[in-house]
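Visitor: I have not seen this structure before. Could you take me through it?

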Amino acid sequence: PAMNVRMWEHKSTKINLKKLKDFGYKLIGPEIGDMACGEYGEGKMSEPLKIADELNQFFLNQSQNKKFKALVTAGPTNEYIDPVRFITNKSSGKQGYELAKCLSKKGFDTTLISGPTNLEVEKDIKLIKVETADEMFAATQKNLPVDVAIFSAAVSDFKVKNKSQTKIKKEEALNLNLEKNIDILNYISNHNSMRPEIVIGFAAETNEVLKNAEEKLNKKNCDWIISNDVSKKNIGFNSDYNEVTIHYKNKSLKNEVLPYKKKSEISDEIVDRIIDQLN
Ligand code: PMT
């Protein structure tokens, strides 16, 4: 507001301003000083630079105070053959757990959907334990919407069709009939009306890592793919270390290599980039 000092001090202006403030409007100014009409007093418009500064500060505080929501999948899935046997893989869950810890530490409201692991997390992370890909999919859907979803779990691509309800007896040979599991990342990227603002997948590759990762990025329609070479013994599955490349769908951003370091440090760098993008 800006006006003549006597208008500003008038009772009707004061009543109207109180109404505006009660509605939640914020005021910048007015200031005390010389006015265009030649009088002096309170009612002078704030300087444009001061108005711009206050607006900047207001929106900055608002974005910093917003509590973003994150969802992470981690670990392997178990796909049962019979009540006591299952197909699984070597994922320890370490990469996903470090990501969830880091997101939570940096202020995200974090849900971690985890396949079977031996790991623990702090209480401020909402941990949902699942076993199969179907359970992981159901839990993921149930915990949307979020601002960012990171799919670091090593989800089994196949499950056993017609799994036996009783323990299978020893025989000369056993043929397993496998059917495809739902691709959780693909589904959330493409079909969900509650698609997160940033959808991030991982690509665990043993050959032609970068090429295969780019193909996955396109095929699964996610915003980033983080590739790692799981043929290397010192990184990837069940190591405390990793070395990854971030592939962006937005080709104005250059792919980035995060060189060999602890999974906690890799997670730290990934989360910083997520925060930058969300802001
Ligand atoms: O758990 P760690 O021991 O710490 O190891 C970390 C890791 C190697 C498991 C991790 O860094 C990693 O690469 N995770 C992805 C493993 C994987 O299954 O990659 P993929 O290339 O097969 O799958 C591509 C993406 O699709 C992944 O984001 C995966 O979570 C997702 N996917 C795959 C199949 C499926 N049915 N549903 C999915 O959501």
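The questions below go through the ligand, its surroundings, an aromatic pair and some backbone details of this predicted model.

Visitor: How many residues surround the ligand, and which are the closest?

Guide: A residue counts here if one of its heavy atoms lies within 4 Å of the ligand. By that cut-off the shell has 29 residues. The closest are Ser92, Phe151, Ala153, Lys216 and Asn228.

Visitor: How do the residues of that shell divide into nonpolar, polar and charged?

Guide: Glycine is put with the polar residues in this division. The shell around the ligand then divides into 12 nonpolar, 11 polar and 6 charged residues.

Visitor: Which element gives the largest share of the shell around the ligand?

Guide: The space that the ligand takes is the largest pocket. Elements giving two or more residues to the shell are α4 (94-105), α6 (184-190), β11 (198-205) and α7 (209-220). The largest share is 4 residues, and the element they come from is β11.

Visitor: An oxygen atom of the ligand is 2.6 Å from a polar backbone atom of which residue?

Guide: Polar contacts are taken as N or O pairs within 3.5 Å. For Phe202, a ligand oxygen is 2.9 Å from a polar backbone atom. For Ala204, the distance from a ligand oxygen to a polar backbone atom is 3.2 Å. The value of 2.6 Å belongs to a polar backbone atom of Asn238.

Visitor: How much of the accessible area of the ligand does the protein cover?

Guide: On its own, the ligand has 770 Å² of accessible area. The part covered by the protein is 96%.

Visitor: What kind of aromatic pair do Phe137 and Tyr187 form?

Guide: The model has 5 aromatic pairs, and one of them is Phe137 with Tyr187. Their centres are 4.9 Å apart and their planes are at 80 degrees. Planes over 60 degrees apart count as edge-to-face, so the pair of Phe137 and Tyr187 is edge-to-face.

Visitor: Phe137 and Tyr187 tie together parts that are how far apart in sequence?

Guide: Phe137 belongs to helix α5 (residues 133-142), while Tyr187 is in helix α6. The pair therefore ties together parts whose separation in sequence is 50 residues.

Visitor: Where is Pro30 found, and where is Pro145?

Guide: The peptide bond from Gly29 to Pro30 is cis, with omega near 5 degrees. Leu144 and Pro145 are also joined by a cis peptide bond, with omega about 5 degrees. Pro30 is in the loop between α2 (11-23) and β1 (31-34). Pro145 is in the loop between α5 and β8 (148-151).

Visitor: What is the phi of Asn221?

Guide: Asn221 lies in the loop between α7 and β12 (224-229). Although Asn221 is not a glycine, its phi is positive, at about 55 degrees.

Notes. Residues numbered from 1 in each chain as written. Predicted model: local features only at pLDDT ≥ 70, side-chain atom pairs only at ≥ 80, totals over all residues. Heavy atoms only, no water. Polar contact = N/O pair within 3.5 Å; in protein donor to acceptor, adjacent residues only side chain to side chain. Areas by Shrake-Rupley, 256 points an atom, 1.4 Å probe, with all protein chains shown as cover. 1 Å grid on protein atoms, 1.4 Å probe; cavity = no way out; pocket = protein on both sides within 12 Å on 5 of 7 lines; lining within 4 Å. Sits in = over half its atoms within 2 Å of the grid points. Phe/Tyr/Trp six-rings, centres within 6.5 Å; stacked < 30°, edge-to-face > 60°.
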